[in-house]
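Please open the structure in your viewer and keep the sequence panel beside it. The tour below moves from one selection to the next and says what is to be found at each stop.

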Amino acid sequence: MNPCNKVLPIALLLSALSILGGCERDTYTTWNCRSASETKISMVLRKAQMEFQGAKFDFCGSLGNQSYFDQKCPAQTSQSGIVFTPSSGALVMNGQEYQCTAL
């Protein structure tokens, strides 16, 4: 048997698997947030980004149960502009406090 006949089916199988693997669903969590002055603000956590009030923020890291986000992550995670505590839904951005509920 020609060795090329064995290689071709394996190559086709690997190609098919790589195509199927690239069709993963995008996982995200949507939250409804409110503050003292605003209600029903949508927040989306998708991969390593937060979408909030029309802006996107990068995940800067976590310390304990708090996650930190900013448009440009500072050298020290705790100095990020957004602090989010998923377990309680508390979000603090630029001194403004929000209460968020996962949908």
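Are Cys33 and Cys100 buried or exposed? Select the two of them to begin: Cys33 is buried, and Cys100 is buried as well, where buried stands for under 20% relative accessible area, exposed for over 50% and partly exposed for what lies in between, with a 1.4 Å probe and protein chains only. Before going further, note that this is a predicted model, in which local features need pLDDT of at least 70 and side-chain atom pairs count only at pLDDT 80 or more, while totals for chains, interfaces and linings use all residues. Residues are numbered from 1 along each chain as its sequence is written, and side-chain values use heavy atoms, with hydrogens and water left out.

With that selection still active, display the sulfur atoms: a disulfide joins Cys33 to Cys100, with 2.1 Å from S to S, a disulfide being a pair of cysteine sulfur atoms within 2.5 Å. This link connects distant parts of the chain, 67 residues apart, with Cys33 in strand 1 (residues 28–34) and Cys100 in strand 8 (residues 96–102); strands here are DSSP runs (E, at least two residues), numbered from the N terminus. The link of Cys33 and Cys100 is right-handed, with 110 degrees about the S-S bond.

Next, select Cys60 and Cys73, which a disulfide also joins, with an S to S distance of 2.1 Å. Here the link is left-handed, at -85 degrees about the S-S bond. Cys60 belongs to strand 4 (residues 55–63) and Cys73 to the loop between strand 5 and strand 6, so the pair ties together parts that are 13 residues apart in sequence. Cys60 counts as buried because its relative accessibility is 18%, whereas Cys73, with a relative accessible area of 34%, is partly exposed. A search of the whole structure finds two disulfides, and they follow the pattern 1-4, 2-3 when bonded cysteines are counted along the chain.

Stay in the loop between strand 5 and strand 6 and select Ser80, which lies there too. Ser80 has 8% relative accessibility and therefore counts as buried. Its side chain reaches the backbone oxygen of Thr77 at 2.7 Å. Among the residues that Ser80 touches, not counting those up to four places away in sequence, are Cys60, Tyr68 and Pro74, contact meaning heavy atoms within 4.5 Å.

Now move on to strand 6 (residues 82–85), where both faces are covered: Ile82 and Phe84 on one side, and Val83 and Thr85 on the other, are all buried. In a regular strand the side chains alternate between the two faces of the sheet. Strand 6 pairs with strand 5 (residues 66–70) in the antiparallel sense over three bridges, pairing requiring at least two DSSP bridges between two strands, and Ile82 is the bridge partner of Phe69. Strand 6 also pairs with strand 7 (residues 90–93), again in the antiparallel sense, over four bridges, and there Val92 is the bridge partner of Val83. In the hairpin of strand 6 and strand 7, which has four residues between the strands, look for Gly89, which takes a positive phi near 80 degrees.

Finish at the largest nonpolar core, a set of buried Ala, Val, Leu, Ile, Met, Phe, Trp, Tyr and Cys residues joined through side-chain atoms within 4.5 Å. Of its 15 residues, Met43, Met50, Phe52 and Phe84 touch the most other members, and strand 2 (41–46) is among the elements that give two or more residues. Strand 2 supplies the largest share, three residues. Select Met50 last: not counting residues up to four places away in sequence, its contacts include Met43, Phe57, Phe69, Ile82, Phe84 and Leu91.

Note on methods. A polar contact is a pair of N or O atoms within 3.5 Å; within protein, one must be able to donate a hydrogen and the other to accept it, and residues adjacent in sequence count only if both atoms are side-chain atoms.
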